[in-house]
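Here is a brisk report on one structural model. Read it with the sequence and coordinates open.

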Amino acid sequence: MTVTSYIFSGHIVEEEVEFSLSELSQACGVNAEWLITLVEEGILDPHENGSHKNRHQWRFSGPCIQRVRIVRRLQQDLGINLAGVALTLELLGEINDLKARLIALESGTAEEL
Amino acid sequence: MEFKDYYKIMGVERSASQDEIKRAYRKLSRKYHPDVSKESDSEERFKTVGEAYEVLKDPEKRAAYDQLGADWKSGQDFRPPPEWDQGFEFHGGGFTEADASQFSDFFESLFGGGNAGRGQTRNPHFSQRGEDTHAKVIVELEDAYNGATRTITLHHTELGADGRPNVVNRTLKVNIPKGVYQGQHIRLMGQGSAGVGQGKAGDLYLEIEFNSHSFYRVEGRNVYLDLPVTPWEAMLGARVSVPTPSGKVELKILPDSKPGRKMRLKGKGIPGNPGGDLYVVLQVVLPPADTDEAKALYREMEKKLAFNPRAALGV
């Protein structure tokens, strides 16, 4: 067992990190072609610097890493095709938004003393 | 080791057809998939269902499992009979969809871990840079409020000189940045798999998971607390002390507060930009009638309050 006293610090991916296509494929352990398919299917939405056609310019936001991993798990574990995964993600997002609104409607602001 | 009743886990009869088993698995895996299900134990359930299906979907494994007999009950102490798997030939492990390393000791004692030679083969493409790796790190909710240093132990499998996989442990001290929440990732550059040749090491991604707390629940940056109050605090209003992960605060309970009333303490959730809120949900707790005095007080209410909680039911 290796023990080091060094304290490692990192960045919060979701907030501070952006990926190029090849970085995202490396980070998720999937091939770039498959990521391009996800973009074409509208599951991932890179910001474009310039032309959408130029894949080298694509920048993916930090949360994409989790999204890619969820897509892969849903495909593998539940046997859903990409269109189904896209729909699932949209519906899950909608449920989360509705929940947040429900909570906001149900709650009053508390008075702190 | 505990016996696992795979048929019961799948909710099917021992006589179920392969088609029925597949249908049951499809339904359960959708219900408990951790990315879809909001049930707190979904991850555990999903693994258990995956393990049961791994056995029952494969006629060879199912036949071997059935040999154990129908008298076993889930949770019973189990030891495989000495010659139990003789005469069975398992083809190629058959670990197709599931991650066998996640399975129970029970599974492993019957079918082996299925680790050897599986998933360990390096990517055949020549690659300079080491692979990026992922691990989960469990932290306390308080760490997200204050930041913290946590020691984590990572296990990974390496092929030894004899070609057999060994588990290697590695301990790292990691800064948990303030404001991080469950599901987010921390990237540690150069802490993934070693590079090939002159190549750089890959990165390590740590997924944050909160240790379950005895009274806070967390969703994103918002934190929920069920706050027990007395009937008189709820009805007459009160000032009460409320714990938050960043320290105690005083809270004003308005008169005529119903049980379940939700109150938001803005900015008392996990810090960030924007920071989360703390939601306090009132739970009215009845005082026990365990002394003569308490009983007398309840009797007095009974006499003087003329309160019928079932009025709306028409009785």
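## A buried glutamine at the start

A:Gln66 counts as buried, at 15% relative accessibility. Buried means under 20% relative accessible area, exposed means over 50%, and partly exposed lies in between (1.4 Å probe, protein chains only). This is a predicted model, in which local features need pLDDT of at least 70, side-chain atom pairs count only at pLDDT 80 or more, and totals for chains, interfaces and linings use all residues. Residues are numbered from 1 along each chain as its sequence is written, chains are lettered from A and ligands numbered from 1 in the order in which they are written, and side-chain values use heavy atoms, with hydrogens and water left out.

A:Gln66 sits in helix 4 (residues 64–78) of chain A. Helices (H or I, at least four residues) and strands (E, at least two) are DSSP runs, numbered from the N terminus. The side chain of A:Gln66 makes a polar contact of 3.4 Å with that of B:His185. A polar contact is a pair of N or O atoms within 3.5 Å; within protein, one must be able to donate a hydrogen and the other to accept it, and residues adjacent in sequence count only if both atoms are side-chain atoms. Setting aside neighbours within four places in sequence, A:Gln66 is in contact with A:Glu14 and A:Arg73, and with B:Gly183, B:His185 and B:Glu207. Contact means heavy atoms within 4.5 Å.

## Cysteines without a bond

How many disulfides does a search of the whole structure find? It finds zero over all chains. A disulfide is a pair of cysteine sulfur atoms within 2.5 Å. For A:Cys28, the closest cysteine sulfur is that of A:Cys64, and at 8.5 Å it is too far for a bond. A:Cys64 is likewise in no disulfide. A:Cys28 is buried, at 4% relative accessibility. A:Cys64 is buried too, at 6%.

## Helix 3 of chain A

Helix 3 of chain A spans residues 32–40. Its buried residues are A:Trp34, A:Leu35, A:Ile36, A:Leu38 and A:Val39. Their cover includes helix 2 (21–28), strand 4 (60–61), helix 4 and helix 5 (82–106) of chain A. Just after helix 3, A:Gly42 takes a positive phi of about 80°.

## Chain B and the cores

Chain B has 315 residues, of which 36% count as buried. The chain holds eight helices and 11 strands. Take contacts in chain B between residues at least 6 apart in sequence: 57% of them join residues at least 24 apart. The accessible surface of chain B comes to about 18,600 Å², and 50% of it belongs to carbon and sulfur atoms. Accessible areas come from the Shrake-Rupley method with a 1.4 Å probe; for residues, only the protein chains shown count as cover.

The largest nonpolar core has 38 residues. A nonpolar core is a set of buried Ala, Val, Leu, Ile, Met, Phe, Trp, Tyr and Cys residues joined through side-chain atoms within 4.5 Å. Those that touch the most other members are B:Leu172, B:Leu188, B:Leu206, B:Leu227, B:Val242, B:Leu251 and B:Val280. Domain 2 (133–210) and domain 3 (216–287) of chain B each give this core at least three residues. Domain bounds come from an automatic or database domain assignment. Beyond four places in sequence, the contacts of B:Leu172 include A:Phe8, B:Ile152, B:Leu154, B:Leu188 and B:Leu204. Another core, of 29 residues, lies apart from the largest one, and its members include A:Leu24, A:Leu38, A:Ala86 and A:Leu89.

## Backbone details in chain B

Most residues other than glycine have a negative phi, and most peptide bonds are trans. Two positive phi values in residues other than glycine are tabulated here.

| Residue | Phi | Place | Relative accessibility |
|---|---|---|---|
| B:Asp256 | near 60° | loop between strand 9 (249–253) and strand 10 | 44%, partly exposed |
| B:Ala306 | near 45° | segment after helix 8 | 73%, exposed |

The peptide bond from B:Asn273 to B:Pro274 is cis, with omega near 5°. B:Pro274 lies in the loop between strand 10 (262–265) and strand 11 of chain B.

B:Thr291 belongs to the loop between strand 11 (278–284) and helix 8 (292–305) of chain B. B:Thr291 is partly exposed, at 39% relative accessibility. A polar atom of its side chain lies 3.0 Å from the backbone nitrogen of B:Ala294. B:Thr291 and B:Glu302 are 11 residues apart in sequence and 17 Å apart in space, C-alpha to C-alpha.
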